[in-house]
Amino acid sequence: MISWRKHYRQTLIAIGLLLSTSASIYGQDGDPKNGEKLFKANCTACHALDKKLVGPALGGVVERLKKDQNLDIDWFQKWITNNEKLRASGDKYANEVYEANGKAAMQVFEGKLSEKDINDILAYTSNPPAEEPKKDDAKATAAKTDQAAPANNTTTSVVIISLLAIAALLVWILVKLRQLVKLGQSEDLAGLNETRVKSFSEIYAKYHYVGKGLIAILALLATYGIWNWIMWIGVYKGYKPEQPIYFSHKIHAGEQKIDCQLCHSSAKYGKVSEIPSMNVCMNCHRTISEYNADHYMEPGKDKAFYDGEIKKIYAATGWDPEKQQYTGKTQPVEWTRIHNMPDFVYFNHAQHVVAGEQAIINSFNKKNPNNKIDVVCKACHGKIDTMNVVQMANDFTMGWCIECHRTTEVDMNNGYNKEYFKNLHDKLKKQYPKDGGKITVDAIGGLECGKCHY
């Protein structure tokens with residue numbers, strides 16, 4: 001009897017251990033909601049639940065590998081913590097995964113993710129939380145709008161027809177009244193009408209001095225209008241053409257805080273701020289194949305629109321998102337240039353971005369205290385990080401540039417030119433002692449014709 005109870009107790013303990021191990025294997029002891037946050041923060045650059053990116057799809061990976069490879073949670077812990085160490089130990093499946101994914105080594109998370117964090121991530125891959133329904137259902141709103149549209153159009157048509165009918169009636173009444181007035185005129189009024197001046201030549205002969213004065217004024221106004229029109233040839237402030245691939249600077253530079261020079265890398269050290277190649281786009285969009293619609297949505301656009309534009313990037317670069325490889329079939333993108341200096345004007349981006357960066361920012365903020373900037377690019381190109389469609393924010397005329405040179409104070413403490421221009425700066429401080437030695441760009445040759453025209 002005692003022996004039976006002993007074996008019974010051992011059997012219960014074994015069953016308990018088996019159940020706990022089974023639960024652990026399937027990652028059910030983790031928190032899927034916390035796992036979702038950790039997954040998005042650490043894994044989405046290379047993985048998705050439902051498709052292959054740089055690495056394989058991870059939806060149901062615990063159950064799948066338990067069934068196919070007989071791997072338990074302990075293996076996942078080792079792989080995620082330090083896959084390099086696991087591969088170095090000779091683990092067969094770890095090395096197979098490494099080879100199958102183009103020898104792209106996964107990031108080492110040792111010291112970054114705890115055992116609980118990894119369990120939470122695995123729980124998320126096994127049982128991702130259902131998305132909460134949105135308060136504003138865009139499709140329902142669109143359907144209501146479509147239903148209301150016919151009624152609104154009908155009402156508008158009725159109003160327009162009614163107004164036209166009223167206008168026609170008023171014209172008819174005025175014509176009839178004029179006829180009645182003519183019939184009721186006396187003989188004296190009829191004679192007076194016969195003596196009235198009826199031609200332009202008679203009026204001009206009678207009031208020729210006034211006529212000549214008016215003609216002179218009109219000639220001056222016409223001359224001014226022509227001159228003003230000529231001076232604005234080539235000035236395209238507000239110009240914002242449509243591009244072959246829609247690109248929102250507000251999403252990238254504003255919402256995502258991507259630095260301008262990450263894409264326009266030649267602006268700081270080159271004459272021209274080049275248009276980024278499509279390879280620069282693919283640095284991010286190789287793993288970002290769809291748009292997170294909850295992050296920011298431009299009015300009039302939806303998730304499908306943004307996803308379609310990302311597909312245009314893939315078509316242009318010849319990227320196959322399913323196979324995660326380039327096909328070699330590319331399509332050139334014909335971007336429409338927005339900012340373009342005339343051939344006779346010399347402008348060097350590096351000179352302004354490097355040597356004049358802080359001086360330009362300080363000068364702009366002093367003149368625009370309610371519209372300050374933090375990046376030198378915005379002084380000329382406007383607040384790009386708020387633009388969905390980029391446009392020319394300024395005139396870019398000669399007068400506009402000269403005004404900037406006359407008001408922008410030279411930064412004597414700029415690390416790039418402090419020592420190189422030391423003797424010149426000392427000389428200028430003696431030459432311009434007013435305002436505490438304030439020296440603007442025009443004092444160092446900023447108004448010389450040869451600086452910009454050659």
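By partly exposed I shall mean a relative accessible area between the limits for buried, under 20%, and exposed, over 50%. Tyrosine 98 has a relative accessible area of 21%, and therefore counts as partly exposed. With that term settled, I turn to the structure, which is a predicted model.

Let me begin with the chain as a whole. The protein chain has 454 residues, and 25% of them count as buried. Its secondary structure amounts to 22 helices and two strands. If one takes the contacts between residues at least 6 apart in sequence, 64% of these join residues at least 24 apart.

I continue with the nonpolar cores. The largest nonpolar core comprises 23 residues. Which residues have the most contacts inside it? They are Leu65, Trp75, Phe76, Trp79, Ile80, Leu113 and Leu122. At least two residues of this core come from each of helix H2 (32-42), H3, H4, H6 and H7. H4 provides the largest share, namely five residues. Apart from this core lies another, of eight residues, including Met278, Ile310, Ile313 and Ala316.

Leucine 65 deserves a closer look within the largest core. Once its neighbours within four places in sequence are set aside, leucine 65 is in contact with Asn70, Leu71, Trp75, Phe76 and Tyr93. Of these partners, Trp75 and Phe76 are also among the residues with the most contacts inside the core.

Next, the second largest pocket. This pocket holds about 660 Å³ of space. Its lining consists of 33 residues, and those nearest the centre of the pocket are His47, Pro56, Leu58, Trp79 and Met106. Trp79 was named a moment ago as one of the residues with the most contacts inside the largest nonpolar core. By class, the lining divides into 23 nonpolar, seven polar and three charged residues. Which helices supply at least two residues each to this lining? They are helix H3 (61-69), helix H4 (73-81), helix H5 (83-88), helix H6 (92-100) and helix H7 (115-126). H6 gives the most, with five residues.

Helix H6 is also where tyrosine 98 lies. Beyond residues up to four places away in sequence, tyrosine 98 touches Arg87, Lys103, Ala104 and Ala105. Tyrosine 98 and glutamate 84 are 14 residues apart in sequence, and their C-alpha atoms are 9.7 Å apart in space.

I now come to two residues with polar side chains. Is glutamate 309, in helix H15 (residues 303-317), buried or exposed? Glutamate 309 has a relative accessible area of 9%, and the limit for buried is under 20%, so this residue is buried. Its side chain reaches the backbone nitrogen of tyrosine 246 at 2.8 Å. Leaving out residues up to four places away in sequence, glutamate 309 touches Pro244, Ile245 and Tyr246.

Threonine 408 is the other case, placed in the loop between helix H19 (398-407) and helix H20 (422-431). Threonine 408 is buried because its relative accessible area is 5%, against a limit of under 20%. The side chain of threonine 408 reaches the backbone oxygen of cysteine 404 at 2.7 Å. Apart from neighbours within four places in sequence, threonine 408 is in contact with Ala359, Ile360, Ser363, Ile439, Thr440 and Val441.

Some remarks on backbone geometry follow. Lysine 257 has a phi near 60°, a positive value in a residue other than glycine. Lysine 257 sits in the loop between helix H12 (249-255) and helix H13 (260-263). Its relative accessible area is 69%, and so lysine 257 is exposed. Phenylalanine 396 has a phi near 55°, again positive in a residue other than glycine. This phenylalanine is found in the loop between helix H18 (377-381) and H19.

I close with proline 321, which lies in the loop between strand S1 (319-320) and strand S2 (325-326). Why does proline 321 count as partly exposed? Its relative accessibility is 29%, and therefore proline 321 falls in that class, which lies between under 20% and over 50%. Proline 321 and lysine 51 are 270 residues apart along the chain, yet a distance of 9.1 Å separates their C-alpha atoms. With residues up to four places away in sequence not counted, proline 321 touches Lys52 and Tyr314.

Note on methods. Residues numbered from 1 in each chain as written. Predicted model: local features only at pLDDT ≥ 70, side-chain atom pairs only at ≥ 80, totals over all residues. Heavy atoms only, no water. 1 Å grid on protein atoms, 1.4 Å probe; cavity = no way out; pocket = protein on both sides within 12 Å on 5 of 7 lines; lining within 4 Å. Points joined across faces, edges and corners; volume = space filled by probe spheres on them. Helix = DSSP H or I, 4+ residues; strand = E, 2+ residues; numbered from the N terminus. Nonpolar A, V, L, I, M, F, W, Y, C, P; charged D, E, K, R; others polar. Buried < 20%, exposed > 50% of the residue type's maximum accessible area, 1.4 Å probe, protein only. Polar contact = N/O pair within 3.5 Å; in protein donor to acceptor, adjacent residues only side chain to side chain. Contact = heavy atoms within 4.5 Å. Core = buried A, V, L, I, M, F, W, Y, C linked by side-chain atoms within 4.5 Å.
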